[in-house]
Amino acid sequence: MTSVLRHPDSEERQAPQPLLSGEQTPTENFLVKLFAVVPLLALAASVPFAWGWGLGWVDLGLAAGFYFLTGLGVTIGFHRYFTHGAFKANRGLRIALAVAGSMAMQGPVIGWVADHRRHHAFADREGDPHSPWRFGTTPAALARGFWHAHMGWLFDREKTNAQRFAPDLLADRDIARIDRLFPLLTVVTLLAPAVLGGVITMSWWGAVTAFFWASLVRVALLHHVTWSVNSLCHMIGDRPFAARDKSANFWPLAIASMGESWHNSHHADPTGARHGVRRGQLDISARLIWLFEKAGWATDVRWPKADRLGRKLNPGHSLSLGRSASRG
Ligand SMILES: [Zn+2]
Ligand SMILES: [Zn+2]
């Protein structure tokens with residue numbers, strides 16, 4: 001079963017809101033990287049210390065497996081499919097994507113989609129739920145904005161009106177049910193690694209370490225990567241395409257974000273199935289959509305089109321679509 005996604009963001013396209021402007025100084029740029037990257041490096045550095053005591057291959061394998069399963073549920077499912085309608089999916093794939101994405105602990109699917117459609121409708125303008133430019137362009141305002149865009153918006157937020165931004169999903173019985181099952185899926189995503197770790201190692205200690213690394217650390221890591229797309233990818237990076245906002249392509253996060261950090265390309269062509277449109281831009285999510293298409297589960301995939309993207313190039317940039325771009 002497929003459904004045509006409506007895009008409520010299109011009607012706001014012409015709203016006469018001024019765009020925010022301003023560029024970061026090198027110092028601000030350095031601070032953003034410091035705050036965003038150093039804690040994660042510290043976490044990575046803890047791995048060799050813990051190795052052999054409280055961390056082993058089973059923990060690492062489970063953490064990677066659940067990281068990519070739930071991460072792709074968000075990037076392919078919540079984002080490219082449910083929010084933007086980058087392809088059509090059969091019922092099985094649709095349900096699997098909604099369940100996998102819900103296990104990322106980023107909120108129920110309908111609320112996630114409503115927030116993100118609102119983000120595109122008002123990107124970096126008043127009404128955007130998470131713009132780092134919300135408070136202005138001075139260093140202090142940007143530091144505050146970074147925090148707000150990264151995770152602050154989650155703590156004191158107005159609820160996005162799902163009736164307005166996601167009526168298609170509210171009307172879908174499968175999706176509405178998965179949306180209500182979010183608390184249960186949260187329990188599953190936290191307990192499944194522990195159960196697997198315990199069974200594989202046949203020990204309680206194996207369950208405990210798997211819970212720590214493959215549940216807690218894995219969820220935290222994916223949270224930060226997803227949030228970085230909202231914060232960093234609206235602050236630093238390349239802007240080959242003219243977008244109405246400050247979105248940027250930030251290559252260091254390409255693999256961890258499964259292709260989502262090609263965020264300037266995404267804002268230039270929101271319904272495209274591939275975000276890393278240019279040659280050499282890794283996009284694991286697009287590769288998987290391509291496999292779904294081969295399997296016949298995904299149809300009407302919106303691969304990048306040279307004419308559609310070429311019109312949006314900024315002066316001084318060439319398109320150089322990847323050789324495989326048009327087929328994923
Ligand atoms: Zn964005
Ligand atoms: Zn988007």
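Visitor: How many helices and strands make up the secondary structure of the protein chain?
Guide: This is a predicted model, in which local features need pLDDT of at least 70, side-chain atom pairs count only at pLDDT 80 or more, and totals for chains, interfaces and linings use all residues. Residues are numbered from 1 along each chain as its sequence is written, while chains are lettered from A and ligands numbered from 1 in the order in which they are written. Helices (H or I, at least four residues) and strands (E, at least two) are DSSP runs, numbered from the N terminus. For the protein chain, the secondary structure comes to 13 helices and 2 strands.

Visitor: What percentage of the residues of the protein chain count as buried?
Guide: A residue is buried if 20 or more other C-beta atoms, placed from the backbone, lie within 10 Å of its own, exposed if 12 or fewer, and partly exposed in between. The protein chain has 328 residues, and the share that counts as buried is 44%.

Visitor: Among contacts between residues at least 6 apart in sequence, what percentage join residues at least 24 apart?
Guide: Two residues are in contact if their C-beta atoms, placed from the backbone, lie within 7 Å. Among contacts in the protein chain between residues at least 6 apart, those joining residues at least 24 apart come to 68%.

Visitor: Happy to go helix by helix! Is H2 parallel or oblique to H3?
Guide: Axes are lines fitted to C-alpha atoms, for helices over the stretch in contact, and angles run from 0 to 180 degrees between N-to-C directions. Angles under 35 degrees count as roughly parallel, over 145 as roughly antiparallel, 65 to 115 as roughly perpendicular and the rest as oblique. Helix H2 (residues 57–83) and helix H3 (residues 91–102) pack at about 120 degrees, their axes 7 Å apart. That angle makes H2, relative to H3, oblique.

Visitor: Is the crossing of H2 and H3 left-handed or right-handed?
Guide: A crossing is left-handed if the near helix is turned anticlockwise from the far one by less than a right angle, and right-handed if clockwise. For H2 and H3 the crossing is left-handed.

Visitor: How many charged residues does the contact of H2 with H3 have?
Guide: H2 brings Leu69, Thr70, Leu72, Gly73, Val74, Ile76, Gly77, Phe78 and Tyr81 to this contact, and H3 brings Leu97, Ala98, Ala100 and Gly101. By class, Ala, Val, Leu, Ile, Met, Phe, Trp, Tyr, Cys and Pro count as nonpolar, Asp, Glu, Lys and Arg as charged, and the others, Gly among them, as polar. The contact of H2 with H3 thus sorts into 9 nonpolar and 4 polar residues, and the charged ones number none.

Visitor: How many charged residues are there in the contact of H3 with H8?
Guide: H3 and helix H8 (residues 173–180) pack at about 20 degrees with axes 10 Å apart, which makes them roughly parallel. Arg94, Ile95, Ala98, Val99 and Ser102 in H3 meet Asp174, Ile175 and Ile178 in H8. These residues divide into 5 nonpolar, 1 polar and, for the charged class, 2.

Visitor: How far apart in space are Leu221 and Tyr67, C-alpha to C-alpha?
Guide: Leu221 is found in H10, and H2 passes H10 in a right-handed crossing. The axes of H2 and H10 come within 9 Å and cross at roughly 35 degrees. Residues in this contact include Tyr67 of H2 and Leu221 of H10. Leu221 and Tyr67 are 154 residues apart in sequence, yet their distance in space is 8.3 Å.

Visitor: Which residue follows H12, with a positive phi?
Guide: Helix H12 (residues 284–295) has 12 residues and reaches 17 Å from first C-alpha to last, close to the 16 Å expected at 1.5 Å a residue, the expected span being 1.5 Å times one less than the number of residues. Its buried residues are Ile284, Ser285, Ala286, Ile289 and Phe292, and what covers them includes H2, H3 and strand S2 (298–299). The residue after H12, with phi near 85 degrees, is Gly296.

Visitor: Is Asp124 buried or exposed?
Guide: Most residues other than glycine have a negative phi. Asp124, though not a glycine, has a positive phi of about 60 degrees, and its place is the loop between helix H4 (109–121) and helix H5 (139–155). Because 23 other C-beta atoms lie within 10 Å, Asp124 is buried.
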